[in-house]
Amino acid sequence: MKQAELEQIIEQARLDRRTSLNLRNLLVTPLPESIGNLVNLTYLDLGENLLTSLPESIGNLINLTHLDLGCDPNANAPLTNTDMQTND
């Protein structure tokens, strides 16, 4: 998927105040920083993409309770995110 298309999906999800977003198997790489604008998300499915890291802005998703990273057999590096907040 082209970055411009992904940015449009993310912007529409923001405008719709979506609480869930399924980006599974879209061959996403990299995930744009704008994902952090989806502060209403409680569920985010990123499984089966080509991600090797997550943007820092994912820490802005303070309502997120489910993050599905699935399985990516093509990934060469582990996913990293040092600033992810948790909802305890």
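# Notebook: one helix and a parallel sheet

I started with the helix. The buried residues of α1 pack against β1. I note at once that this is a predicted model.

**Entry 1. The whole chain**

I counted the elements next. The chain has one helix and three strands. Read from the N terminus, their order is α-β-β-β. I then looked up how much of the chain is covered. Of its 88 residues, 30% are buried. The accessible surface is about 5400 Å². Carbon and sulfur atoms account for 47% of that surface. I also checked the contacts between residues at least 6 apart in sequence. Of these, 38% link residues at least 24 apart.

**Entry 2. Helix α1**

I went back to the helix. α1 covers residues 3-15, which is 13 residues. From first C-alpha to last, α1 reaches 18 Å. That is close to the 18 Å expected at 1.5 Å a residue.

Which residues of α1 are buried? I found L6, I10 and A13. These buried residues cover an arc of only 60° around the axis, so they sit on the same side of α1. On the other side I found A4, Q8 and L15, which are exposed. The buried residues of the helix are the ones that pack against β1.

I also looked at what comes after the helix. R17 follows α1 and has a positive phi, near 55°.

**Entry 3. A closer look at A13**

I picked A13 from helix α1. Is A13 buried or exposed? Its relative accessible area is 3%, and the cut-off for buried is under 20%, so A13 counts as buried. I listed its contacts, leaving out residues up to four places away in sequence. A13 touches R18, L21 and L38. I also took one distance through space. A13 and L41 are 28 residues apart in sequence. Their C-alpha atoms are 9.1 Å apart.

**Entry 4. The sheet**

I moved on to the strands. The three strands form an open sheet in the order β1-β2-β3. The pairing is parallel. Why is one side of β1 and of β3 left without a neighbour in the sheet? β1 (20-22) and β3 (66-68) stand at the edges and each has a single partner strand, so one side of each has no neighbour there. Neighbouring strands of this sheet are turned by 5° against each other on average, direction ignored.

I checked one pair of strands in detail. β2 (residues 43-45) pairs with β3 in the parallel sense over three bridges. D45 stands opposite D68 in β3.

**Entry 5. H66 in strand β3**

I chose H66, which lies in strand β3. What does H66 touch, not counting residues up to four places away in sequence? I found T42, Y43 and L44. H66 and L44 are 22 residues apart along the chain. Their C-alpha atoms are separated by 6.3 Å. The relative accessibility of H66 is 36%, so H66 counts as partly exposed.

**Entry 6. The loop between β1 and β2**

I looked for unusual backbone values here. Most residues other than glycine have a negative phi, and most peptide bonds are trans.

N25 lies in the loop between β1 and β2. N25 is not a glycine, yet its phi is positive, about 60°. I looked up its cover too. N25 has a relative accessible area of 46% and is partly exposed.

P30 is also found in the loop between β1 and β2. I checked the bond that joins T29 and P30. That peptide bond is cis, with omega about -10°.

**Entry 7. The loop between β2 and β3**

I ended with two residues in the loop between β2 and β3. E48 has its place there. Its phi is positive, about 60°, although E48 is not a glycine. With a relative accessible area of 39%, E48 is partly exposed.

L50 is placed in the loop between β2 and β3 as well. How exposed is L50? Its relative accessible area is 31%, so L50 is partly exposed. I took a last distance, from L50 to L26. The two are 24 residues apart in sequence, and their C-alpha atoms are 8.6 Å apart in space.

How values were computed
Residues are numbered from 1 along each chain as its sequence is written. This is a predicted model: local features need pLDDT of at least 70, side-chain atom pairs count only at pLDDT 80 or more; totals for chains, interfaces and linings use all residues. Side-chain values use heavy atoms; hydrogens and water are left out. Helices (H or I, at least four residues) and strands (E, at least two) are DSSP runs, numbered from the N terminus. Buried means under 20% relative accessible area, exposed over 50%, partly exposed in between (1.4 Å probe, protein chains only). Contact means heavy atoms within 4.5 Å. Accessible areas come from the Shrake-Rupley method with a 1.4 Å probe; for residues, only the protein chains shown count as cover. Two strands pair if DSSP finds at least two bridges between them. Axes are lines fitted to C-alpha atoms, for helices over the stretch in contact, and angles run from 0 to 180 degrees between N-to-C directions. The expected span of a helix is 1.5 Å times one less than its number of residues. The arc is that of the directions from the helix axis to the C-beta atoms.
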